[in-house]
Amino acid sequence: MLAKGEWRLEEFVGFCSGCGKPIHCLHGFLNGIVSEEKEMLYCFQCYEKKEAGQER
Ligand SMILES: [Zn+2]
């Protein structure tokens, strides 16, 4: 019998809304950020840019 949602070490979550880079969940750790406001995905780079002063 399989446990529900067999645990994967790497799971594709979606694409970064900034640069289009694929975001994965690694060992339960997301290698990106989910912006709760709009349910958007960002990689760390794009998220930092976004946080660090939203150029324009
Ligand atoms: Zn990005």
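**Entry 1: a term first.** Two strands count as paired if DSSP finds at least two bridges between them. With that settled, I looked up Cys 25 and found it standing opposite Leu 30 in strand 3. I keep in mind throughout that this is a predicted model.

**Entry 2: the chain overall.** I stepped back to list the elements. The chain has one helix and five strands. Reading from the N terminus, I get β-β-β-β-β-α, so the helix comes after the strands in that order. I also checked burial: of the 56 residues in the chain, 9% are buried. Then I looked at contacts between residues at least 6 apart in sequence, and 28% of these join residues at least 24 apart.

**Entry 3: strands 1 and 2.** I turned to strand 1, which covers residues 10–15. Strand 1 pairs with strand 2 in the antiparallel sense, over five bridges. I noted two of the partners. Glu 10 is bridged to Leu 26 in strand 2, and Phe 15 has Pro 22 of strand 2 as its bridge partner. The two strands make a hairpin with six residues between them. In this hairpin I found Gly 20 with a positive phi near 85°.

**Entry 4: strands 2 and 3.** Next I followed strand 2 (22–26) on to strand 3 (29–30). Their pairing is antiparallel too, over two bridges. They form a hairpin with two residues between the strands.

**Entry 5: the sheet.** How many strands does the open sheet with antiparallel pairing have, and in what order? I count three strands, in the order 1-2-3. Strand 1 and strand 3 are its edges, since each of them pairs on one side only. As a reminder to myself, strands of a sheet pair through backbone hydrogen bonds.

**Entry 6: a closer look at His 27.** Most residues other than glycine have a negative phi. His 27 caught my eye here: it is not a glycine, yet its phi is positive, at about 50°. Where does His 27 sit? I found it in the loop between strand 2 and strand 3, in the turn of their hairpin.

Is His 27 buried or exposed? I went by the neighbour count. His 27 has 10 other C-beta atoms within 10 Å, and the cut-off for exposed is 12 or fewer, so His 27 is exposed.

Technical notes: Residues numbered from 1 in each chain as written. Predicted model: local features only at pLDDT ≥ 70, side-chain atom pairs only at ≥ 80, totals over all residues. Helix = DSSP H or I, 4+ residues; strand = E, 2+ residues; numbered from the N terminus. Buried ≥ 20, exposed ≤ 12 C-beta atoms within 10 Å, placed from the backbone. Contact = placed C-beta atoms within 7 Å.
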